[in-house]
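I opened the file today to go through the fold and the side-chain contacts. My notes follow in the order I looked things up.

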Amino acid sequence: MKKLLFLTAVLLTTSTANAATVGEQAPHCALTSLNNTPAHFHEYAGKVLYVDFWASWCSSCLQSFPFLNQLAHEFGDQGLHIVGVNLDEQIDDAHAFLAHHPSKFTITNHGGEQCAKSFNVEAMPTSYLIDKHGVIRYIHQGFREGETDELKLQITKLLAEK
């Protein structure tokens, strides 16, 4: 219940007037990886960035991790970088999740709540595809197996752009 209240508070305090939308520059987020390394989206300029907001208690997030690992393997050498922004209230919950479901992509935690507000995250998981110039090009809420082909198509298009 605390986790649901936490996410609800994050989502309700977000202003839709500042919502991150397709065609706009992605918000700048100062994040920290789980090993306390700073991570900033501008570090990935010139790459396609897949930003995925997730939490350990989210069943759809659990289903999405194998797909995200597959994307990292399949497209990482072509210029795709995936950043999972964890929204767990307790960092130990994220560590426990990752012990059973390891990621092959960057996971951040500290700063995730503010970043979720900046992006106006409304569902879990929510993913944003950001082009090589920092512009949001595609937003996807939730995760269903049947939608993976569309996500791959969008990634392929962005990787092909100059």
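How many aromatic pairs does a search of the whole structure find? My search returned nine. I note here that the model is a predicted one.

**Aromatic pairs**

I took the pair of F67 and F143 to begin with. Its ring centres lie 5.7 Å apart and the planes make 40 degrees, which is listed as tilted. I then looked up where the two residues sit. F67 belongs to helix α2, residues 59-75, while F143 is in the loop between β7 (136-141) and α5 (148-160). The pair therefore ties together parts that are 76 residues apart in sequence.

Are these two residues buried or exposed? F67 has a relative accessible area of 5%, and F143 is also given as 5%. The cut-off for buried is under 20%, so I entered F67 as buried and F143 as buried.

I also found a cluster: F41, F53, F119 and Y128 are linked by ring pairs.

**The sheet**

In what order do the strands of the sheet run? I wrote down β2-β1-β5-β4-β3-β6-β7, an open sheet of seven strands with mixed pairing. The edges are β2 (38-40) and β7. Each of these has a single partner strand, so one side of each is left without a neighbour in the sheet. From one strand to the next, the twist averages 30 degrees.

I checked how β6 meets β7. The two strands run antiparallel and are joined by five bridges. As a reminder to myself, strands of a sheet pair through backbone hydrogen bonds, either parallel or antiparallel. Y128, which I had already listed in the ring cluster, stands opposite I139 in β7.

**Helices on the sheet**

Which strands does α2 lie across? I found β3 (48-54), β4 (80-86) and β5 (106-110). The direction of α2 is at about 165 degrees to β3. Helix α3 (residues 91-100) packs on the sheet too, touching β3, β4 and β5. For α3, the angle with the direction of β3 is about 110 degrees.

**A polar contact in a loop**

Last, I looked up N120. N120 is placed in the loop between α4 (112-119) and β6 (126-130). Its relative accessible area is 10%, so N120 is entered as buried. What joins the side chains of N120 and E122? I found a polar contact of 3.2 Å between them.

Terms used: Residues are numbered from 1 along each chain as its sequence is written. This is a predicted model: local features need pLDDT of at least 70, side-chain atom pairs count only at pLDDT 80 or more; totals for chains, interfaces and linings use all residues. Side-chain values use heavy atoms; hydrogens and water are left out. Rings of Phe, Tyr and Trp (its six-membered ring) pair if their centres lie within 6.5 Å; planes under 30 degrees apart count as stacked, over 60 as edge-to-face and the rest as tilted. Helices (H or I, at least four residues) and strands (E, at least two) are DSSP runs, numbered from the N terminus. Buried means under 20% relative accessible area, exposed over 50%, partly exposed in between (1.4 Å probe, protein chains only). A polar contact is a pair of N or O atoms within 3.5 Å; within protein, one must be able to donate a hydrogen and the other to accept it, and residues adjacent in sequence count only if both atoms are side-chain atoms. Two strands pair if DSSP finds at least two bridges between them. Axes are lines fitted to C-alpha atoms, for helices over the stretch in contact, and angles run from 0 to 180 degrees between N-to-C directions. Contact means heavy atoms within 4.5 Å.
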